[in-house]
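Visitor: I am new to this one. Could you take me through a single part at close range?

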Protein chains: 2
Amino acid sequence: MIFNTMKRQVLFLILVLSRTVTSTKKFDHSSLRIDGRMVELSLSYCLSWRLAVETNNIKGWRTIPIQCLHHVEAYMIGGQYESDLDLIVDHISSYIDDIILSDDGLDAWILDVDDTCLSNIFYYKGKRFGVDPYDPQAFKEWASRGICPAIPSILRLFFKLIERGFKVFLITGRDETTFAQPTLHNLHFQGFFGFERLILRSEAYKGQSGMVYKSEIRRKLVEEEGFRIWGNVGDQWSDLHGQFLANASFKLPNPMYFVP
Amino acid sequence: MIFNTMKRQVLFLILVLSRTVTSTKKFDHSSLRIDGRMVELSLSYCLSWRLAVETNNIKGWRTIPIQCLHHVEAYMIGGQYESDLDLIVDHISSYIDDIILSDDGLDAWILDVDDTCLSNIFYYKGKRFGVDPYDPQAFKEWASRGICPAIPSILRLFFKLIERGFKVFLITGRDETTFAQPTLHNLHFQGFFGFERLILRSEAYKGQSGMVYKSEIRRKLVEEEGFRIWGNVGDQWSDLHGQFLANASFKLPNPMYFVP
């Protein structure tokens with residue numbers, strides 16, 4: 001049993017390494033020589049790069065480093081991304097268990113939509129997992145189809161929040177005019193029922209950074225409507241930083257793109 | 001050449017896997033069965049756990065999960081930790097290159113000491129890389145010896161900061177009465193010369209969290225002395241969060257312990 005597993009892991013490693021070699025050949029990255037030492041460096045570099053973006057040390061990046069294409073691909077579709085999400089959601093669930101809700105209906109929770117509730121992995125597969133720069137037209141077409149799958153661990157979290165009695169707000173930077181209907185259909189079709197409100201970016205917030213826009217939405221929820229925001233979950237630091245922060249914020253991994 | 005490297009990587013993987021098996025046997029963790037599936041789960045879990053603590057999703061943890069001992073050990077001494085530090089320091093260096101300093105002598109930079117300037121890896125090796133709980137007496141003895149090695153990439157950053165003309169403040173939670181002399185000697189002996197001030201925790205801040213204490217020190221630097229804090233580098237989020245934040249903060253990895 002152990003040896004079968006080890007054999008699988010070894011095969012996986014060989015696959016990853018050989019694909020990395022292929023990728024450096026294919027894209028002809030000038031700083032990469034096609035030899036083993038460079039493959040090692042590339043793997044180590046990509047691990048470091050991913051940690052640096054996830055911890056917000058590197059901000060404002062537009063594309064992933066080309067030598068990290070297969071690293072990010074393996075991360076996103078090889079199981080580790082799901083494992084990372086599962087562990088965070090387990091941790092959030094423990095936090096939720098300790099919250100004592102009041103009966104005034106003002107206990108709120110915020111979830112982001114893209115790559116929090118709904119996954120864009122299928123779309124980003126066609127964009128080489130973020131090696132290709134952001135393509136607003138193509139993303140518009142993708143999001144308009146309303147076929148993003150739910151992220152299973154977040155759907156599990158969502159059910160728990162609804163069951164415990166939280167008012168769940170889904171807040172997205174997607175444009176309201178263009179995406180309100182397909183996003184709502186997509187969420188319902190994927191099982192997200194019972195949330196309090198889906199808030200999209202209206203005309204008033206056009207051109208604002210995600211952080212400024214989402215802070216202003218939180219301000220309204222807190223100051224104008226009296227909600228207590230117990231938690232906020234998003235795949236971008238701009239979902240979580242700014243003003244009127246939740247009591248607890250949780251950053252989901254996303255090494256494919258950065259939203260300011 | 002590629003195949004030699006692959007062979008090395010495969011051998012490394014087998015070593016890591018077999019050590020993980022040994023560790024689950026040795027520590028008899030109740031939830032771990034000794035078979036391949038569990039080894040896989042353990043590796044995946046430890047990667048997820050490390051990402052969750054580095055992104056501050058999991059806070060206030062006291063020890064590392066026992067099944068992650070060899071994962072954290074391999075991370076800290078196998079080269080990836082250094083790679084992660086190198087990439088962050090390269091990134092900080094680019095940020096520094098873009099700063100235009102004034103000639104009023106008030107451009108400041110903050111560095112933490114433990115596991116930022118000076119490494120405690122040798123100490124934590126004896127504490128199973130954080131599996132054993134914090135041991136104030138043993139750490140006191142270790143720190144009093146003044147033999148912590150410099151972290152090479154941070155020493156490189158330090159030289160750059162001094163050369164560019166920043167006033168560098170080293171701020172540590174170490175107790176002033178006990179550690180002022182050995183810490184100063186340790187820093188000098190390791191090549192940290194030319195900093196503006198080493199600030200240790202004086203009687204007034206005893207018992208405060210790292211975040212509150214360090215915020216108050218930053219407040220004094222900014223409000224009372226007029227410094228502009230361009231950057232702040234630490235291995236704990238409590239070095240970086242709170243009030244009077246630096247223009248840019250950088251979180252170094254540390255999966256061995258958590259300071260509130």
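Which residue in β5(A) is the bridge partner of G234(A)?

Guide: Happy to help. This is a predicted model, where local features need pLDDT of at least 70 and side-chain atom pairs count only at pLDDT 80 or more, while totals for chains, interfaces and linings use all residues. Residues are numbered from 1 along each chain as its sequence is written, chains are lettered from A and ligands numbered from 1 in the order in which they are written, and side-chain values use heavy atoms, leaving out hydrogens and water.

The partner of G234(A) is K251(A). The strands here are β4 (residues 228-234) and β5 of chain A, which pair in the parallel sense over four bridges. Strands are DSSP runs of E with at least two residues, and helices are runs of H or I with at least four, numbered from the N terminus; two strands pair if DSSP finds at least two bridges between them.

Now step back to the sheet around them. In chain A, five strands form an open sheet in the order β3-β2-β1-β4-β5, with parallel pairing. Its edges are β3 (197-201) and β5 (248-251), each pairing on one side only. Neighbouring strands are turned against each other by 20 degrees on average, direction ignored. Such angles run from 0 to 180 degrees between N-to-C directions, with axes fitted to C-alpha atoms, for helices over the stretch in contact; contact means heavy atoms within 4.5 Å.

A helix joins the picture too: α7 (residues 152-164) of chain A lies across β1 (107-112), β2 (167-175) and β4, running at about 165 degrees to β1(A).
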